[in-house]
Every structure is written in C-alpha cells, then in structure tokens.
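Me: I have a protein model open and would like to know how the words used for it are justified. Can we go through them one by one?

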Amino acid sequence: MRLAVTGTGGQVVRALMERGAAFGVEVLPVGRPVLDLLRPESVRDALAAVRPDAIVSAAAYTAVDAAETDRRKAQAVNEHGAEAVALAARDLGVPLVHLSTDYVLAADAKGPHTEDAPTDPAGVYGATKLAGERAVLAAHGADSAVLRTAWVYSPFGGNFVKTMLRLAREREEVSVVADQFSNPTSALDIAEGVIAVARNLLADPDPCLRGVFHLTGQGDASWAQLAEAVFDLSHEMGGPWAQVRAIPTSAYPTVARRPADSRLDCARIAAVHGVALPPWRTSLRPIVQRLVARHHSLNQFAGACS
C-alpha cells in the first residue's frame with residue numbers, strides 16, 4: 001500500500017514513517033513547499049504526483065493558544081486545507097483517513113464521549129478542527145474515516161512527555177494541572193491504527209467503515225498523573241525525576257480554554273475496524289526509554305567532544 005501523508009514533521013507523520021515498513025506500507029510524506037494547505041490549489045497535484053492508494057490528512061494548525069488571535073490561518077489550514085485534501089482524494093478515487101482531536105467536543109461535558117456526543121468547542125482550534133471534519137465528510141464522506149485522538153506523545157517533535165523530561169532536568173518540582181482528564185496516546189500507536197483503518201477502507205466499501213471514530217490509548221489520566229508516570233519511568237531508567245505539584249486549571253491560565261474531561265470512548269472503532277490501541281501506560285514506557293537513552297547519548301557525545 002502506498003500511503004500519502006500530508007505534512008512532513010508532525011508526530012503522527014514521523015510515526016507513520018517509522019512504523020510503515022514493519023507493516024509493508026510505503027509512507028510518502030507530502031508537505032511544503034510542494035503541498036501547502038494555505039494554498040489549496042497546490043494540494044491535488046502534489047498528492048497525485050505520488051500515486052497513492054490512500055491518503056492520510058495529518059497536517060494541521062495545532063497551536064491551540066495562538067489560534068485564538070490567528071483565527072484566519074487556523075481556519076485556512078484546519079478547514080479549507082482539510083477540504084482541499086478531501087477533494088483531492090475524491091478526484092483521485094482513493095480513501096482518506098483524516099486526523100482530528102478531542103478539542104471538538106463540548107468543553108463542559110463529561111466523558112467518556114462517544115462519536116455522537118455533542119460538539120461545542122471552547123476555542124478557535126477546536127472550532128476550526130470541527131469545521132474541518134464537516135468539510136471532509138461533505139467533500140468525500142463516501143470514502144473517508146475521521147479519527148479523533150487526544151494528548152499525543154512520541155519521541156518526535158514537541159509534546160508533553162518531552163516537556164516534562166526537560167523540566168525535570170531543570171527543577172526539583174513541577175506544577176502540573178490535575179483537573180483536566182483525557183486519554184494519553186502514543187503517536188506510534190496512532191500510526192498503526194491509521195494503517196489498519198486505511199487497509200480496511202481499501203478492502204471493503206462498507207459504509208459502516210466510514211464516518212467518525214475515536215482512536216486513543218486505553219485508560220485515562222490527568223496531566224498531573226501523566227507527568228508522575230513519566231517521572232517514575234524516567235527515574236527507573238536513570239533519567240531525571242521531579243516532584244509533581246498538582247494544581248487546578250485556575251492556577252495555570254492559558255489564552256485558550258481547554259476541555260476539563262475529553263475522555264473518548266473507542267468502542268466503535270474496535271467493533272467496526274478491529275482496532276484497539278494498547279493502554280497508554282504500556283506505550284509510554286518504550287518512549288520514555290528512547291528519550292532518556294537519547295539524552296544520555298547526547299551527553300556522552302558532548303563530553304567526548306569537550
């Protein structure tokens with residue numbers, strides 16, 4: 001299977017590039033300057049050039065706080081750019097897997113949320129991602145699966161796990177929000193789920209395989225609980241450790257409002273696609289191990305060169 005993926009540097013894109021070979025998938029990242037979601041006219045030709053069997057729409061504007069003052073760009077990428085990718089997939093006659101987020105859900109609602117739960121995003125990021133979902137389904141709903149995920153972590157790019165390890169090297173105590181809950185999810189697990197869904201779409205025209213699905217790691221946590229798990233694993237592996245000081249959201253104000261309980265129910269994708277990601281704690285261990293080992297290697301290299 002030739003899988004075209006929009007973007008080149010995101011966590012899921014890099015995870016797909018790493019995991020694709022193990023599943024016999026040729027992953028073909030397509031990004032700027034050839035494919036630029038701010039230039040929708042560039043999308044179709046860029047994707048057509050790689051002759052994909054299926055397309056993964058992974059590129060997005062994900063700066064949650066910056067989106068509050070940059071609505072135009074967030075909307076251009078997350079809504080109009082996503083629509084351009086869906087139209088290209090339709091024109092090329094290939095299935096589409098579109099990645100979305102728990103931020104599309106109602107900010108005050110209690111989880112776990114099913115795919116039919118009310119959507120009422122609290123901020124611009126969530127609103128533009130929800131508009132993107134709707135645009136994708138309107139343009140190519142007959143052959144698209146929208147996958148909502150949450151709290152993505154990986155060895156790549158910027159993410160919460162990497163930030164916690166950095167902070168643990170700098171201080172003895174880290175204040176972390178303890179009253180927001182969701183499902184931490186490994187980008188490597190997401191990549192495997194995406195590959196499975198894409199294969200199902202290629203193999204079977206059943207409409208039940210299309211539509212909106214939730215795809216996260218099993219189990220939930222608060223940010224503080226996730227930080228504690230990261231520090232405990234790191235300490236076990238000879239890496240940095242810090243004490244977690246649990247704080248309420250009110251003590252850590254941000255420009256954009258975050259959902260308090262965006263836990264996702266993933267029963268539908270398990271029943272329909274046969275996809276169930278591992279528990280987040282299971283997937284967290286090898287990623288922390290990679291990050292701690294990488295830091296040790298860099299320190300050894302720096303010492304040898306000093």
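Reply: Yes. The model is a predicted one. A starting point is the lining of the largest cavity, which divides into seven nonpolar, two polar and two charged residues.

Me: Which residues line the largest cavity?

Reply: The lining consists of Val64, Glu68, Tyr103, Ala122, Gly123, Val124, Tyr125, Gly126, Ala256, Arg257 and Pro259.

Me: What makes two residues of that lining charged?

Reply: Asp, Glu, Lys and Arg count as charged. Glu68 and Arg257 are in the lining, so they are the two charged residues. Gly counts as polar, so Gly123 and Gly126 are the two polar ones.

Me: Why is this space called a cavity and not a pocket?

Reply: A cavity is a set of points where a 1.4 Å probe fits but cannot get out, whereas a pocket is an open set. By this rule the count comes to one cavity of 30 Å³ or more. The largest cavity has a volume of about 60 Å³.

Me: How much space lies in the second largest pocket, and which residues are the closest to its centre?

Reply: The second largest pocket holds about 190 Å³ of space. Its lining has 17 residues, and Thr216, Gly217, Gln218, Leu264 and Cys266 are the closest to the centre. By kind, the lining residues of this pocket are nine nonpolar, six polar and two charged.

Me: How many disulfides does the structure hold, and how do you know that cysteine 208 is in no disulfide?

Reply: The structure holds zero disulfides. For cysteine 208, the nearest cysteine sulfur is that of cysteine 266, 18 Å away. A disulfide needs the two sulfur atoms within 2.5 Å, so cysteine 208 is in no disulfide. The case of cysteine 266 is argued from the other end: its nearest cysteine sulfur, that of cysteine 208, is 18 Å away, and cysteine 266 is in no disulfide.

Me: Is cysteine 208 buried, exposed or partly exposed?

Reply: Its relative accessible area is 47%. Buried means under 20% and exposed means over 50%, so cysteine 208 is called partly exposed. Valine 272, in helix H8 (residues 267–273), is judged by the same cut-offs: at 31%, valine 272 counts as partly exposed.

Me: What makes strand S4 mostly covered?

Reply: Strand S4 spans residues 96–101, and six of its six residues are buried. Leu96, His98 and Ser100 point one way from S4, while Val97, Leu99 and Thr101 point the other way; all are buried.

Me: How do you know that S4 pairs with strands S3 and S5?

Reply: Two strands pair if there are at least two bridges between them. S3 (residues 54–57) and S4 have three bridges, in the parallel sense. S4 and S5 (residues 144–149) have six bridges, also in the parallel sense. Both counts reach the cut-off of two, so both are pairs. Valine 97 of S4 shows the arrangement: valine 56 stands opposite it, and in S5 its bridge partner is alanine 145.

Me: Which helices join these strands into β-α-β units?

Reply: Helix H3 (residues 71–92) makes a right-handed β-α-β unit with S3 and S4. Helix H4 (residues 124–140) makes a right-handed β-α-β unit with S4 and S5.

Me: Which residues other than glycine have a positive phi, and are they buried or exposed?

Reply: Among them are arginine 51, with phi of about 50°, and tryptophan 151, with phi near 45°. Arginine 51 lies in the loop between H2 and S3, and tryptophan 151 lies in the loop between S5 and strand S6 (152–153). The relative accessible area of arginine 51 is 58%, over the 50% cut-off, so arginine 51 is exposed. For tryptophan 151 the value is 10%, under the 20% cut-off, so tryptophan 151 is buried.

Me: Where are the cis peptide bonds before proline 33 and proline 112?

Reply: The bond from arginine 32 to proline 33 is cis, with omega near 5°; proline 33 is in the loop between strand S2 (26–30) and helix H2 (43–48). The bond from glycine 111 to proline 112 is cis too, with omega near 5°, and proline 112 is found in the loop between S4 and H4.

Definitions and conventions: Residues are numbered from 1 along each chain as its sequence is written. This is a predicted model: local features need pLDDT of at least 70, side-chain atom pairs count only at pLDDT 80 or more; totals for chains, interfaces and linings use all residues. Side-chain values use heavy atoms; hydrogens and water are left out. On a 1 Å grid over the protein atoms alone, a cavity is a set of points where a 1.4 Å probe fits but cannot get out, and a pocket is an open set with protein on both sides within 12 Å along at least five of seven lines; lining residues have an atom within 4 Å of a point. Grid points are joined across faces, edges and corners, and a volume is the space filled by probe spheres set on the points. Buried means under 20% relative accessible area, exposed over 50%, partly exposed in between (1.4 Å probe, protein chains only). Helices (H or I, at least four residues) and strands (E, at least two) are DSSP runs, numbered from the N terminus. A crossover is right-handed if, with the strands pointing away from the viewer, the path from the first strand over the helix to the second runs clockwise.
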